[in-house]
Amino acid sequence: MNAAVVRAFDAPPRYESFADPVAGDEELIVTVSAAGLHQIVKSLANGKHYGSTGTLPFVPGLDGVGRLEDGKRVFFASSRSPFGTFAERSVTARAMCFLVPDALDDVTVAAMMNPAMSSWAALTERIQFARGESVLVLGATGVAGQLAVQIAKRLGAKRVVAAGRDQRALDAVKRLGADSVISLNQDSKELVASYQREFAENKIDVVLDYLWGSPAERLLEGITQKGLLQDAGRVRYLQIGSVAGPTISLPAATLRSSGLALYGSGFGSVSMKRILESLQVFLKEAARKPFEMGIKAAPLRDVEALWDAAEPAVRVVFRP
Ligand SMILES: NC(=O)c1ccc[n+]([C@@H]2O[C@H](COP(=O)([O-])OP(=O)(O)OC[C@H]3O[C@@H](n4cnc5c(N)ncnc54)[C@H](OP(=O)(O)O)[C@@H]3O)[C@@H](O)[C@H]2O)c1
């Protein structure tokens, strides 16, 4: 079959021939119609993600939409290595797939599920987000951050604050429902003061962090309190992505002087069963009322050329 194939961790995949998958017990063959080029797909392909098997060669692609042999149109959340989803056919565990509602097309579902999981599963499964709470999205200008703003609102957030470094993208995020924006392109002291004002005046309950690294350090500085008689509001801080850096330095005083509770949300932080259940609920919600996102569909034979050519806030979806 035709597929994208990774033969080296430091080079983009190439469109070439790869062996067809054969289904084992409790597995199904999927004829793939659409699969998204998510950040995790790239990190797995360059061997840097914690889920990487370290074995070459393999077909990249985490999830996708396709047809089962009985004709059912499904979303499938994973495949069995070395068979990824950037191929004409893939193989998945029966438990990893579910039907796609008729109201949603293949490309939209393939584009949306992984970035949506980052906030939908985080808010509904990793923490029990309650209607009326306020959310700050750190790194709100990317595909996942823009969906996070819309999802937080859809789940009943009272106030959503969007933080990012690109002013034009922040303006777009306002149109998607953010009540307020914080530019990361400020002098460090001014940025910390912006967070202090936001937390003091508007009581932020939840942070969804797509950046980590120094932007996370500045935000945490903003919730660190001075004085012995402060009354700290609880802040559930969800680590979700790390595009700005893989580590942070966390002062002890931040944890002792604030109501900070640190969480992470991703594969492993809750069971796959719960992630899949929550994604099915999300899909029904998306079918009821669409979410806005930038999507570019492209033929899979263009995989090598498009691998590193992403446009801001646009998810590339390959069609085999
Ligand atoms: N845990 C989960 O469940 C889960 C699920 C999906 C995604 N993620 C993770 O979430 C992160 C974002 O994913 P995505 O799909 O939204 O990616 P994306 O569409 O490529 O967006 C990345 C965003 O981060 C911004 N950015 C990059 N470096 C930055 C920095 N140093 N300071 C400020 N902003 C910076 C980019 O802004 P510019 O345009 O200005 O460069 C862009 O808006 C990734 O780490 C991804 O792996 C996690």
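This report describes the ligand shell, the nonpolar core, some salt bridges and a few backbone features of one protein chain. The structure is a predicted model, and every value given here was computed from it.

**The ligand and its surroundings**

The ligand is surrounded by 20 residues, and the closest of them are Gln 39, Thr 141, Ala 144, Arg 165 and Ser 265. Three contacts to oxygen atoms of the ligand are set out in the table, which gives the protein partner and the distance for each.

| Protein partner | Part of the residue | Distance to a ligand oxygen atom |
|---|---|---|
| Thr 141 | N or O atom in the side chain | 2.8 Å |
| Gly 142 | polar backbone atom | 3.0 Å |
| Ser 242 | polar backbone atom | 3.4 Å |

On its own the ligand has 920 Å² of accessible area, and the protein covers 79% of that area. The elements that contribute two or more residues to the shell are helix α2 (106-126) and helix α3, and α2 gives the most, with three residues. When the residues of the shell are sorted by chemical character, they divide into nine nonpolar, nine polar and two charged.

**The nonpolar core**

In soluble globular proteins, nonpolar side chains tend to be buried together. The largest nonpolar core in this model holds 54 residues, and those that touch the most other members are Phe 75, Leu 123, Val 137, Ile 151, Leu 208 and Phe 282. At least two residues of this core come from each of α2, β8 (134-138), α3, β9 (159-164), α4, β11 (206-209) and α8. Helix α2 again deserves attention, as it gives the most to this core, with twelve residues, just as it gives the most to the shell around the ligand.

**Salt bridges between separate parts of the chain**

The model contains 17 salt bridges by the rule used here, and three of the pairs are described below.

In one pair, the side chains of Asp 20 and Arg 89 meet with an N to O distance of 2.5 Å. Asp 20 sits in the loop between β2 (14-17) and β3 (27-36), whereas Arg 89 belongs to strand β6 (residues 89-93), and the two are 69 residues apart, so that the pair links distant parts of the chain. How buried or exposed is Asp 20? Its relative accessibility is 35%, and because values between 20% and 50% count as partly exposed, Asp 20 falls in that class. Arg 89 is also partly exposed, at 27% relative accessibility.

In another pair, Asp 179 and Lys 153 form a salt bridge in which N and O are 2.8 Å apart. Asp 179 lies in the loop between α4 (167-175) and β10 (180-183) and Lys 153 lies in helix α3 (residues 143-154), so this pair ties together parts that are 26 residues apart in sequence. Asp 179 is partly exposed, with a relative accessible area of 35%, and Lys 153 is partly exposed as well, with 27%.

The remaining pair described here is Arg 154 with Glu 285, whose side chains meet at 2.6 Å, N to O. Arg 154 is in helix α3 and Glu 285 is in helix α8 (residues 272-288), and this pair links distant parts of the chain, 131 residues apart. Both Arg 154 and Glu 285 are buried. These two residues are also linked with Arg 288 in a network of salt bridges.

**Backbone features in the loops**

Most residues other than glycine have a negative phi, and most peptide bonds are trans. Which peptide bond is cis, with omega near -10 degrees? The bond from Leu 56 to Pro 57 is cis with that value, and Pro 57 is found in the loop between α1 (39-45) and β4 (64-68). Another cis peptide bond joins Ser 81 and Pro 82, with omega about 10 degrees, and Pro 82 is in the loop between β5 (73-76) and β6.

Glu 26 is not a glycine, yet its phi is positive, at about 60 degrees. Glu 26 lies in the loop between β2 and β3, and it is exposed, with a relative accessible area of 54%. Lys 203 also has a positive phi, near 50 degrees. This lysine is placed in the loop between α5 (188-202) and β11, and it is partly exposed, with a relative accessible area of 47%.

Methods
Residues are numbered from 1 along each chain as its sequence is written. This is a predicted model: local features need pLDDT of at least 70, side-chain atom pairs count only at pLDDT 80 or more; totals for chains, interfaces and linings use all residues. Side-chain values use heavy atoms; hydrogens and water are left out. A salt bridge is a side-chain nitrogen of Lys or Arg within 4 Å of a carboxyl oxygen of Asp or Glu. Helices (H or I, at least four residues) and strands (E, at least two) are DSSP runs, numbered from the N terminus. Buried means under 20% relative accessible area, exposed over 50%, partly exposed in between (1.4 Å probe, protein chains only). A residue is near a molecule or strand if one of its heavy atoms lies within 4 Å of it. A polar contact is a pair of N or O atoms within 3.5 Å; within protein, one must be able to donate a hydrogen and the other to accept it, and residues adjacent in sequence count only if both atoms are side-chain atoms. Accessible areas come from the Shrake-Rupley method with a 1.4 Å probe; for residues, only the protein chains shown count as cover. Ala, Val, Leu, Ile, Met, Phe, Trp, Tyr, Cys and Pro count as nonpolar, Asp, Glu, Lys and Arg as charged, and the others, Gly among them, as polar. A nonpolar core is a set of buried Ala, Val, Leu, Ile, Met, Phe, Trp, Tyr and Cys residues joined through side-chain atoms within 4.5 Å.
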